[in-house]
Amino acid sequence: MLKGKTALVTGSTSGIGLGVAECLAAQGANVVLNGFGDAEGPKAQVAAAGKAHGIRVGYHGADMSKPAEIEAMMAYAASEFGGVDILVNNAGIQHVANVEDFPVEKWDAIIAINLSSAFHTMRLAIPTMRAKNWGRVINIASAHGLVASAQKSAYVAAKHGIVGLTKATALETATTGVTVNAICPGWVLTPLVQKQIDARAAAGKLPVEEAKRQLLGEKQPSLQFTTPQQLGELAVFLCSAAGDNIKGVAWAVDGGWTAQ
Ligand code: NAD
């Protein structure tokens, strides 16, 4: 379905981004990966997912907190892949503390990586999407783009911000073949959440499995984690023709979290 298209997924060396990249590859899209840590393993995984289609997989290690590096990544995608047709803004970090204790540099980093990076990739990708009259921007927001939790001020501000950015740019591109939407996952068991589970287990002197049950029980009525693959399949759907008129939504995949 996506043969001939190129997807760029930020923060795709791990977790949700990697799962989304694999699903897009399985539909035939070429993929540009980004993120920290080992890139060779994720590149091989995504290439394997798209093997039947003979896709190409690239990688750029831009730090999403640095606009100049984002510009270099977008230039790489343009020169090596002819531009970005599907942009998935996924890179994100978390820090948990009351606002009065929140380290200033953590606030700045969360706003830069979880919100401003999407502004930069979008401002650079949308002109080519407009020229081709086809494009998909999928912003990985969060249930925290719709509701808040205590001790997550920067994260909640960034995620509400990216939902707003999604709506504004969806309106700006409404009459074109470009769609801009957000996906709002609840808990997904990735390294980002595992850290929070481990902290909870340490603080309460609990077994990790009990900490996991408590984490889900507080927020996610299904008591099940959402999987990266489920989010990837939703991204594939948004890229299909059925998604042509879906514009500016913030689509929860949260086991009922925001229905409460
Ligand atoms: P993760 O920690 O598994 O992956 C984060 C990815 O972002 C990694 O590839 C990492 O290298 C990359 N990254 C971090 N800082 C970066 C930077 N400065 N520049 C470039 N890449 C950077 O986390 P995840 O759980 O897969 O989270 C992915 C996205 O999904 C985040 O935006 C997160 O807020 C969102 N999200 C996660 C959950 C969850 O429960 N895990 C729920 C809702 C939303």
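Which unit do E1, helix H1 and E2 make? I looked this up at the start, and found that strand E1 (residues 6–9), helix H1 (residues 15–26) and E2 make a right-handed β-α-β unit. Right-handed here means that, with the strands pointing away from the viewer, the path from the first strand over the helix to the second runs clockwise. Helices (H or I, at least four residues) and strands (E, at least two) are DSSP runs, numbered from the N terminus.

I note that this is a predicted model, in which local features need pLDDT of at least 70 and side-chain atom pairs count only at pLDDT 80 or more, while totals for chains, interfaces and linings use all residues. Residues are numbered from 1 along each chain as its sequence is written, and side-chain values use heavy atoms, with hydrogens and water left out.

Next I followed the pairing of E2, where two strands pair if DSSP finds at least two bridges between them. E1 and E2 run parallel and are joined by 4 bridges, with Val31 as the partner of Ala7. E2 also pairs with strand E3 (residues 57–60) in the parallel sense, over 4 bridges, and there Leu33 has Tyr59 as its partner. With helix H2 (residues 40–49) between them in the unit's listing, E2 and E3 make a right-handed β-α-β unit.

I then checked burial (buried is under 20% relative accessible area, exposed over 50%, partly exposed in between, with a 1.4 Å probe and protein chains only). Strand E2 (residues 30–34) is largely enclosed by the rest of the structure, because 5 of its 5 residues are buried.
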